[in-house]
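Reader: Please take one helix of this model and go through its packing against its neighbours in detail. I would like the geometry, the residues in contact and a word on confidence.

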Amino acid sequence: ELVTTQEELGELLKNQGIIVTQATLSRDIKELGLIKITANDGNYRYSLPQEKLGGDTAGRAKRILEDAVLWIEAAENIVVIKTLNGTAQGVAAVIDDLRWPEVVGTVAGDNTIMMVIRDKQQTEIVIRRLGELRGKIVVTRDNY
């Protein structure tokens, strides 16, 4: 059965006699490495990361960046990526899976990702790659 929300997951567990709080579910989802991906019907569902499922990381990155990223903006060696609500952690996980040498790491909230780039000269390389994966010119906050 596809699980699309933490509430649905909580109900499924409750039906099995397991009572958990939303905070516990959230921590467990993070610990398990579950991410939200776009299902065939266009809705979102939880899934294991591609690394655990196997497959094409670049292709998966392209799909999730096309579907979930609203805009990208750089400041010195920091890249900020604004996503649809609830998708930032999945996008960040895919970016981490790409293992770009210029990227020190990512931090994701609900709809915003902060990427730390090794130095500001490499920021333009990362912005260009993100744009190529999205299949369009990078949209910044100014022209969003």
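Author: What follows is a close look at helix H4 and its contacts with two other helices.

The model is predicted. Mean pLDDT for the protein chain is 83, with 87% of residues at 70 or more. Strand E6 (residues 112-117) has the highest confidence, at 97, and helix H3 (residues 50-53) the lowest, at a mean of 48. Where pLDDT is low, the predicted coordinates should not be read in detail.

H4 covers residues 57-68, and its axis lies 9 Å from that of helix H5 (residues 88-98), at an angle of about 150 degrees. Because angles over 145 degrees count as roughly antiparallel, that is the description that applies to H4 and H5. The crossing of H4 past H5 is left-handed. On the H4 side the contact is formed by Thr-57, Ala-58, Arg-60, Ala-61, Ile-64, Leu-65 and Ala-68, and on the H5 side by Gly-90, Val-91, Val-94, Asp-97 and Leu-98. By type, eight of these residues are nonpolar, two polar and two charged.

The second partner is helix H6 (residues 120-134), whose axis comes within 7 Å of that of H4 and crosses it at roughly 85 degrees. H4 and H6 are therefore roughly perpendicular. Here H4 contributes Ala-58, Ala-61, Lys-62, Leu-65 and Glu-66, which meet Leu-130, Glu-132, Leu-133 and Arg-134 of H6. This contact has five nonpolar residues, four charged ones and no polar ones.

Ala-58, Ala-61 and Leu-65 of H4 take part in the contact with H5 and also in the contact with H6.

Terms used: Residues numbered from 1 in each chain as written. Predicted model: local features only at pLDDT ≥ 70, side-chain atom pairs only at ≥ 80, totals over all residues. Heavy atoms only, no water. Axes fitted to C-alpha atoms, helices over the stretch in contact; angles between N-to-C directions. Helix = DSSP H or I, 4+ residues; strand = E, 2+ residues; numbered from the N terminus. Parallel < 35°, antiparallel > 145°, perpendicular 65-115°, else oblique. Left-handed = near helix turned anticlockwise from the far one by under 90°. Contact = heavy atoms within 4.5 Å. Nonpolar A, V, L, I, M, F, W, Y, C, P; charged D, E, K, R; others polar. pLDDT = per-residue confidence, 0-100.
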